[in-house]
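Trainee: Could you take me through one part of this chain slowly, with the reasoning laid out as you go? I would like to see how a single helix and the loop that follows sit in the whole.

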Amino acid sequence: MKLVHRKNTQKRCLIWQKKIEEAFQKLSAILEHVTEIDAYMKAHPIAKGTKEFEYVDEMLTRSLLDLDAVETYGVAEVKDFRREVNFKVNRITAVVDKMRIWRRGSLY
């Protein structure tokens, strides 16, 4: 009986380990995508109202949605990494929001 319990425990540990690795992979992919957006914005100034501006805005929004979909499973390292990626996305989003120039007394 103890042997069966031990095998089940090991199997559950492997499953959790795989889920945590997948969470890190998803977060790394999101971070890489956001870093590419940041580099593009630094290399190519974009103007509000252009297709590039709308594309960057949409990609940042999608990145936030993807980030919300990543499960942390209560693991501190995953939570910290997710928080770090979230901070970077929000920092870039703040730059984009500053580009939304006040137009006739309101945000456009």
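Mentor: What follows is a close reading of helix H2 and of the loop after it, set against the chain as a whole.

The model is a predicted one, and its protein chain holds 3 helices and 2 strands, which run α-α-α-β-β from the N terminus on. Buried residues account for 24% of the 108 residues, and the accessible surface comes to about 8200 Å², with 57% of that surface belonging to carbon and sulfur atoms. Of the contacts between residues at least 6 apart in sequence, 71% join residues at least 24 apart.

Turning to H2 itself, its 18 residues should span 26 Å at 1.5 Å a residue, and because its end C-alpha atoms are 26 Å apart, the expected and the computed span agree. The residues of H2 that count as buried are Phe-53, Val-56, Asp-57, Met-59, Leu-60, Ser-63 and Leu-67. These cover an arc of only 160 degrees around the axis, and therefore they lie on the same side of H2. The general background is that an α-helix has 3.6 residues a turn, so residues three or four places apart point the same way. On the face turned away from the buried side, H2 carries the exposed residues Lys-51, Tyr-55, Leu-65 and Asp-68.

Two of the buried residues of H2, Val-56 and Leu-60, are named together with Met-41 as having the most contacts inside the largest nonpolar core, which has 20 residues. Helices H1 (2-43), H2 and H3 are the elements that give two or more residues to this core. Once residues up to four places away in sequence are set aside, Met-41 touches Val-56, and also Ile-46, Ile-92, Val-95, Val-96 and Met-99.

Beyond H2 (51-68), the loop that leads to H3 (76-99) includes Thr-72 and also Tyr-73. Thr-72 has a relative accessibility of 11% and so counts as buried, whereas Tyr-73, at 31%, counts as partly exposed. Leaving aside neighbours within four places in sequence, Thr-72 is in contact with Val-78, Lys-79 and Arg-82, while Tyr-73, with the corresponding neighbours left out, is in contact with Trp-16, Lys-19 and Ile-20. For the pair Tyr-73 and Ile-20, which stand 53 residues apart along the chain, the C-alpha atoms are separated by 7.4 Å.

Conventions. Residues are numbered from 1 along each chain as its sequence is written. This is a predicted model: local features need pLDDT of at least 70, side-chain atom pairs count only at pLDDT 80 or more; totals for chains, interfaces and linings use all residues. Side-chain values use heavy atoms; hydrogens and water are left out. Helices (H or I, at least four residues) and strands (E, at least two) are DSSP runs, numbered from the N terminus. Buried means under 20% relative accessible area, exposed over 50%, partly exposed in between (1.4 Å probe, protein chains only). Contact means heavy atoms within 4.5 Å. Accessible areas come from the Shrake-Rupley method with a 1.4 Å probe; for residues, only the protein chains shown count as cover. A nonpolar core is a set of buried Ala, Val, Leu, Ile, Met, Phe, Trp, Tyr and Cys residues joined through side-chain atoms within 4.5 Å. The expected span of a helix is 1.5 Å times one less than its number of residues. The arc is that of the directions from the helix axis to the C-beta atoms.
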